Each structure stands twice: as C-alpha cells, then as structure tokens.
Amino acid sequence: MAGKEIAGHFSVNFWALMEEELGLKSLGETFIQLGQSAGLSSVRRLLYCSSKAYCLEEKIKPYYNDIFECGLAMEEVSDDDLAKVLEAFMESKLMSNDDNFGIERKSEAEDDDPEGKSKSH
C-alpha cells in the first residue's frame, strides 16, 4: 500500500474491536493485555482494528481483508508515520495516564486531532 493514505480511529468501536480480537471481556482487561505485550503483534492489531473501526464508521470498504494483509502493509509504513499513529493511540481519550504507560497527553490547545484519528502513508 505504498503511497496510499490509511486512516484509523481510536474510538469506542476501536476498543470494542480490540476486545473481540483479543477475546477479552472488558476494557480494563484490554488495557492490561496491551500493556503486558506491547510488541509487534500488538502494534499490528492496533493498526488493523483502528483502520477497520474507521472504515466501518465511515461506511467504506475496510482497507484490509485480514490482519495479515495489514501486517504486509506495515512494511511500507515509515518510522515517522508509525510514531504518529502510536502517539495518537497513547493520547486516546479512553485511556488514563496509567493505562498508556504514564505518557502525558498534549493539552487541548496543543492537540491537533481531538477525535483520536490517525493516518499513515
């Protein structure tokens, strides 16, 4: 997907998809699971679920047929774009500072995108 812009959304629908993907029953369990296994698999799942949530909310065809297709597309994502996606995730309004590994959020005045949407190329 080189050169193609992919949008994602860290919304309630994203978190529900993450719960379903991980087979968990609560948002708290999902936060704990992500915190304990913040590896490449988690990043791939985060990108897949956020893009799927965005597409379903916008009523457009999902970018990826499955999580493996998303993983292949990740090979084309620049380090800078990946860092922007992870920053948007860490600033998700549903996460407390404890849940997002203690990373302080930008103030509302600094916040570029208050809805938690992210894009990668």
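# Exercises: how the helices meet

Helix H3 packs against helix H5 (residues 79-90) at an angle of about 80 degrees, and their axes are 11 Å apart. That pair opens the exercises. The structure is a predicted model in which local features need pLDDT of at least 70 and side-chain atom pairs count only at pLDDT 80 or more, while totals for chains, interfaces and linings use all residues. Residues are numbered from 1 along each chain as its sequence is written, and side-chain values use heavy atoms, with hydrogens and water left out.

## Exercise 1: H3 and H5

Say how H3 is oriented to H5, and find the residues that meet.

Step 1. Get the vocabulary straight. Helices (H or I, at least four residues) and strands (E, at least two) are DSSP runs, numbered from the N terminus. Axes are lines fitted to C-alpha atoms, for helices over the stretch in contact, and angles run from 0 to 180 degrees between N-to-C directions.

Step 2. Take the angle of about 80 degrees. It makes H3 roughly perpendicular to H5. (Angles under 35 degrees count as roughly parallel, over 145 as roughly antiparallel, 65 to 115 as roughly perpendicular and the rest as oblique.)

Step 3. Look for contacts, meaning heavy atoms within 4.5 Å. On H3 you'll find Val 43, Leu 46 and Leu 47, which meet Leu 82, Val 85, Leu 86 and Phe 89 of H5.

## Exercise 2: H1 and H3

Describe how H1 and H3 pack, and where Arg 45 comes in.

Step 1. The angle here is about 130 degrees and the axes are 9 Å apart. That makes H1 oblique to H3.

Step 2. The contact involves Asn 13, Phe 14, Leu 17, Met 18, Glu 21 and Leu 22 on the H1 side. On the H3 side, the residues include Arg 45, Leu 46, Tyr 48 and Cys 49.

Step 3. Which way does H1 pass H3? The crossing is right-handed. (A crossing is left-handed if the near helix is turned anticlockwise from the far one by less than a right angle, and right-handed if clockwise.)

Step 4. Zoom in on Arg 45, which lies in helix H3. Arg 45 has a relative accessible area of 16%, so it is buried. (Buried means under 20% relative accessible area, exposed over 50%, partly exposed in between, with a 1.4 Å probe and protein chains only.) Leaving aside neighbours within four places in sequence, Arg 45 is in contact with Met 18, Glu 21, Leu 22 and Ile 67.

Step 5. Check H1 itself: Phe 14, Trp 15, Leu 17, Met 18 and Glu 19 are buried. Just after H1, Gly 23 takes a positive phi of about 70 degrees.

## Exercise 3: the two sides of H4

Find which residues of H4 are buried, which are exposed, and what covers the buried ones.

Step 1. H4 runs over residues 67-74, and its buried residues are Ile 67, Cys 70, Gly 71, Ala 73 and Met 74. They cover an arc of only 160 degrees around the axis, so they sit on the same side of H4. (The arc is that of the directions from the helix axis to the C-beta atoms.)

Step 2. A reminder helps here: an α-helix has 3.6 residues a turn, so residues three or four places apart point the same way.

Step 3. Turn to the face away from the buried side, and you meet the exposed Phe 68 and Leu 72.

Step 4. The cover over the buried residues includes helix H1 (12-22) and helix H3 (40-57). H3 packs on H4 at about 105 degrees with axes 9 Å apart, which makes H3 roughly perpendicular to H4. Among the residues that meet are Leu 40 and Val 43 in H3, and Cys 70 and Met 74 in H4.

## Exercise 4: the loop between H3 and H4

Compare Lys 59 and Pro 62: is each one buried, partly exposed or exposed?

Step 1. Lys 59 is found in the loop between H3 and H4, and Pro 62 lies in that loop too.

Step 2. Lys 59 has a relative accessible area of 75%, so it is exposed. Pro 62, at 27%, is partly exposed.

Step 3. Check the backbone. Most residues other than glycine have a negative phi. Lys 59 isn't a glycine, yet its phi is positive, about 60 degrees.
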